[in-house]
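Me: I have a structure here and would like to go through the terms used for it. Could you set each value against its definition for me?

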Amino acid sequence: MSALNRLSNWLFDLTYAPMAELPPWASLGVISAVIGVVMLLAYKYTSWQSQIGKARDEIKARMLAMKLFKDNLGVTLSAQGGVIWSSFKILLLSIPPILVAMIPMVPLLAQLAGRYQFAPLPTGSVTEVKVALSDAFAEKEQHGETEVSLEATDGVVVLDRWRQGDSRQMWWRVRADRPGMHTLTVRVGDQTFMKQLPVGEPGSIQAAISPKLTNHYTGMLDNTMMLPWEPAPPADAPVRSIEVAGLMTSVAPDVLPIPILGNWIVYFLVVSILFALLFKPLFNVRI
Amino acid sequence: MQNAKCGMTNAECGADLALYRRPSVCSEVSGAEGARRRSPSLPARSAPRRGVRRLRHSTFGALKSCCFQHSSFGIQHSATLAALVLLAMILPGCGEKASKAEGKKVIVLGLDGMDPRLLRRLMDEGRMPTFSKLAAKGGFWELGTSVPPQSPVAWSNFIVGGDPGAHGVFDFIHREFKDGEILPYYSTNETTYGEKPYEMFGFYMPMPWQESSKLLLKRGGKPFWDYLDEKGVPSRLYRIPANYPPSESKNKYVKALSGMGTTDLMGTQGTFQWFSAEFDDDVGSPDDGGRAAPLKYDMETQRWHCKLAGIPNPMVVAAQGAEMTLPIYIEPDREESIARISYVNQGPKWGMDQPVEFLLREGEWSDWKPVVFLPSPYDPGGGAGSRGIVRFQLRKADPPELYVTPINFDPAYPSGKITEPDDWAVELAKAVGPFYTKGFAEDFHAREAKIKIDLGGYATELRLFDDEDYKTQTQFVMDEGKKLLSHALSEYQDGLLFFYFSSTDLIGHVFYWEPEPGEPEAFTDHPVRDDEDAETYTRSLRETYVQCDAELAKVMAKAGDDATIFVMSDHGFMRYKRKLNLNTWLLENGFITLKDEEKRRGSLNDLVDWSKTKAYSFGLNAIYLNLKGREPQGAVDPKDRDAVLRELSDKLRATRDPLDERPVVKTVYRTDEVYHGDYAPGGKFDQHTPDLIVGLHREYVVRLGGTGDLSLKWIYNNTGEWSADHCIAAELVPGILLSNRKITVADPNLTDLAPTILAEFGIEKPEKMTGRNLFAPPNTGKAGL
Ligand SMILES: [Zn+2]
C-alpha cells in the first residue's frame, strides 16, 4: 500500500505544482474540469458506444412516435415501454465504464481531500491536540508509571494539558505563532510519535494536510488509503491516534454563491459533470 | 440605558422580573412559531446571494460581452462557455442598488449615555484628542434628551425626529390589559400569539392558512431612513436601538442591524445561565434575572453534567411547551485547574450531529460556540433548528462552576430577524465572525446575581460576576463593536452611516461614580465598593471613553473632509444614592387604595382596590390615571382628569427627602403638554400613553414600578451595584453632540438630528417631524430645510 501511496502522492504533487499559487476554488476548478473531460473520454473508450448510441436513437424514435401518434393509445403505450427498456439498457451499459473509473477515483479523491478538505491553522490561533492512548498505557499513565508529553517545533507553543479521568484521552492546547509546517512530537516513555501541524494562510502550505493519524480504523475505507501522507502509529503502539482540531475548511466560502459548494467534493462533482456534459458533443460521446 | 431594571437591584424585585421576561414562543402557539422560524425568507435559503459583490463589478461586464459575441461552437468556445457557466455559478444575478447620494457622506456615531461633563473633563485633560479635534472644527454642545431620558424613548426621538407623541415609546416598560389585569411588555417590541396549530401524531402541524405568531416592532412613526430610502440614498445602521425587529426597507437602500431591544433566543432581554456543583435541584432563580441550575456528577462516566435551557419545544405536543435542553458535560483534569467542556449539537438527520469540545482553564472564557435546539428529529427547515451562540466562562474547575451567556442569535444562521435585509446578518458574520446580537449585551444581571445556598447548615450567599468579571465581559462587547466598526467603515461608500456603542451606558450604570456638579472629586459612599475600588472602576469607565476616542479617529480617517460627522449620546449620567418607589408614594398620598391594608406584597393587580384608586405608576417614570373608559376598572371621571393631575403634580413637586429635606422631584411633565403627535393624549393612538412623567432631581432614581411591591418604603438607600443612572428630569441629564460643522441652533435636541440628516441629503423636513435643521441659516425665520 505504501508504495502505491507514494506513487499517487508523487503523481499528484507533479500535477498540482503548476497550480499551487492559484486560490483553491480556481485550482480545484481546473482539476475538476480536466477530470470531467478525462472521465468523459475514458467513458467513451471503455463503454460500448455503438450500443449506447443505438439505445439513444431508439429512445428518440419512440419519443417521436409518441408525439406523432398521440391519439393512438396502442402506439403510445408501446412507445413508452420502448423508452423504458432502452433507458434500462443504457443504464446496464454504463456499469462497466463506471466500475473502471472507480479505480483511479479512490486515490484521486484522497489526494483532493488532502488539498481541499483541510486548511492550515491560522497564525496566532489556539487549537487542541487530541491524543488517544491505548488502554494499557492509559492505565500506566494514570498510575504514574509512564510520562506522556507533547513537544512542538519552534513557532508552536504548547499551552496546557488536560487528562481524562482514566487517561484514555490526553489533550493539549497549542498556539500557532509562526507560519510553516510544524511537527508535534508525542513522547510516551522513550517512544515518540509525530504529527504534522500546518500553520499559515489558506493555500500557503504546499503539501497535503490530514487532521488525524490513527491505527484504530473504523469506516469502510482504510485510513492509510484515504490519508496517505503521514504514517499512522503502528497497531500495537501506546498512542492510538493524534488529532489536531480546527483544520476543517471550505473550498472558498467568499467566492462561491452556494454554501454547499464550499464542500470540495460537491464542488468537484458539479464542475466535473458540467465539463463532461459540455465536451460531450465535441468528442461525440454517447452517454 | 437603564434596561428593564433601573433601580431594581434588590432581592425584593425577583418577582417583578419574571413578568418582564416574555417568551417569544408559548406552548399553545409554538407550532406556528416553529413554522415561522422555517419560513423561506430566513437566511438559510437566502444565503446564495451573499458575499460576492467584490468580484461582480469587475467581471460582469467582460462576461456579458463574451457571451454575446461568440455564436459558433469551436473547442475554445466550448471551453470559454464552460468557464462562463462556472463564473455564472459564482456570480449572482444582480448588483446592489446604485446609490443616489452623489458622494454625500453623513456619519453618526451614537455613544449611549456618554455624559457631557465627564467628556469635557477628559477632553480638558487631553485624553480625548480626537474629540477635541472634532470640537475645534465644529463644536461640542449639550444635546437635549427625551422626556423621560430613557434610552428606548430617547433613541426613538432620534429616529423619528419628534417627541414620544410621534412614536409611542414612553418608557422601557409599557402596560397592556388582559382579562382585566395590567400586564407589562417591553415597549419597543411585542410578540403576538398566532392560532393554535393542528395536532397530528403527537406533533403540532401549523397550516399555511393559520395565522402564525409574530414579533412586532412597537416603535411607531416613520424612521428618518425611510425618507432616505425613498430618495435612493443608502443607509447603513449598525446596532440601531429601538428597531427590533428591523423595519422593512421598501426600496432596499437600507441595511440595518438591530441593537437595543433585540432579544435573546429565548425571547427575553437576556437570560444568562449559571451552573454550580454547589446548587441542588431546588436552587431557585438568582435575584436579578438569569437562571441557576445544579451540576451533577456521574460516577460511571466520571464527568459533571448540567442542562442548558433553550427555547420551548414548539413541535412536540407532549412537551407541553417545556424548554428543550442541551446536556453539557464538564470533565476536570485530575490535578490541574483545567476542564474539558463538551456537548453535542443534534443534527437534523442521522449522522449530522456536531460535537463541540474544548478546554477551559479556571476563570477562562471560551469564544462563541454554537448551540442548537432541534424541535423534532425530523426538521424540514434543513437543520437550522433554533440555533444560537453562547460563550462559556469556567468559573471553577473542580468541583466546577460555569457561566453561560444568554443565548444570542447566531448571525451566521439567524433563527430570528435581526437585520434588514435578512441575509445582511450572514454577511456581517462572515466579515467579522460571531458577535453579541442581543440588545443589552453587557451582562449587568450577572454582576448583580446572587443565590442563597445552604452549606451543611450554614446559609451562604453565592455571587456570580465580580467587578473584574463585568469589566472583562463588557470589554468583549466593546471589542466586537470595534471590529464591526472597522468593517462598517471599510464597506462604506456614501449615504448615511450610523454606528452605535452601548458600553458607555452599561459600563456607566455599574462603574460611574463621578462627583456631582460642584462637588470635589471623592470616591466615597459607594453602596457596594470601598473608596479605592470605587475610584479604580470609575477610572475604568473613563478608559472606555478613551477607547471611544480611538474609534472616532478611525471614523474621521475614513470620512474625509466633506463628510458631515455627528458624535452624539442619548442622555448623560449621574450617580445616585437614593431610590424611590412611586407606587408606595402614591399609596401614602392617597392616590392608591389597598384592598387589604395588611397585604402589601405582590402585584398591583392583587393588592389594589381599583374602585378607589386614582393613579398608579408603571415602568420607570410614568404615572397613569385610573381613568374611566380607558383602564379596565377606571375610577377617575374624565371630567376630573385635570384636577387630579394638578393635585398629583403639586404633591409630587412638594415632596422632600426625609433624610435631608432635599426636594426629590424636579419636574412633573404633563404629557398633554409636552407630547405632540398621534400618540400624544387626544391623538389617534393614545390608549397606552401615560398621563404624567416624573422627572426626579439628580441622585435619585425610581425603582421599577408596576407590579410593584407596596411593602417597600417610598424612599430608601440604594444598596446595589447598579449605582448610576439617568432616568430623571430630562433637563438635568443632557447628552452630547459634537460635529465637524457649526450648528445654528442654540439648544440642539435629539429630535433635531433626523431633519438635519435629511437636509444634508437635500430632503425637506417631513411634516410629522417636530425637530429642526441644526444647520439652517439662523435668520430664515423658519427652521427646516
Ligand atoms: Zn442607561
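Me: Why is A:Ile59 called buried?

Reply: The relative accessible area of A:Ile59 is 13%, and buried means under 20% (exposed is over 50%, partly exposed in between, with a 1.4 Å probe and protein chains only), so A:Ile59 is buried. Before we go on: this is a predicted model, in which local features need pLDDT of at least 70 and side-chain atom pairs count only at pLDDT 80 or more, while totals for chains, interfaces and linings use all residues. Residues are numbered from 1 along each chain as its sequence is written, chains are lettered from A and ligands numbered from 1 in the order in which they are written, and side-chain values use heavy atoms, with hydrogens and water left out.

Me: Where does A:Ile59 lie, and what is A:Ile59 in contact with beyond its neighbours within four places in sequence?

Reply: A:Ile59 belongs to helix H3 (residues 49–68) of chain A; helices (H or I, at least four residues) and strands (E, at least two) are DSSP runs, numbered from the N terminus. Contact means heavy atoms within 4.5 Å, and outside those neighbours A:Ile59 has such contacts with A:Val83, A:Ser86, A:Ser87 and A:Ile90.

Me: What makes B:Tyr616 and B:Tyr624 a stacked pair?

Reply: Rings of Phe, Tyr and Trp (its six-membered ring) pair if their centres lie within 6.5 Å; planes under 30 degrees apart count as stacked, over 60 as edge-to-face and the rest as tilted. The ring centres of B:Tyr616 and B:Tyr624 are 5.7 Å apart and the planes are at 20 degrees, so this pair is stacked. Both B:Tyr616 and B:Tyr624 are buried.

Me: How many aromatic pairs are there over all chains, and what makes B:Phe566 and B:Phe775 a stacked one?

Reply: The search of the whole structure finds 36. For B:Phe566 and B:Phe775, the values are 5.8 Å centre to centre and 10 degrees between the planes, which fits stacked. This pair links distant parts of the chain, 209 residues apart: B:Phe566 is in strand S27 (residues 564–568) of chain B, and B:Phe775 is in the segment after helix H20 (753–760) of chain B.

Me: How do you know that H20(B) is largely enclosed by the rest of the structure?

Reply: Eight of the eight residues of H20(B) are buried, so this helix is largely enclosed. Among them are B:Leu753, B:Ile757 and B:Glu760. Just after H20(B), B:Gly762 has a positive phi of about 75 degrees.

Me: What makes S30(B) and S31(B) a pair, and how many residues stand between them in the hairpin?

Reply: Two strands pair if DSSP finds at least two bridges between them, and strand S30 (residues 615–618) and strand S31 (residues 622–625) of chain B have four, in the antiparallel sense. Three residues stand between S30(B) and S31(B), and B:Gly619 in the turn has a positive phi of about 80 degrees. B:Ser617 is opposite B:Ile623 in S31(B).

Me: What makes the charge of B:Arg303 one that sits over the ring of B:Tyr329?

Reply: A charge sits over a ring if NZ of Lys or CZ of Arg is within 6 Å of the ring centre and within 35 degrees of the ring normal. The charged end of B:Arg303 is 3.8 Å from the ring centre of B:Tyr329 and sits over that ring. B:Arg391 lies over the face of B:Phe476, at 3.8 Å from the ring centre.
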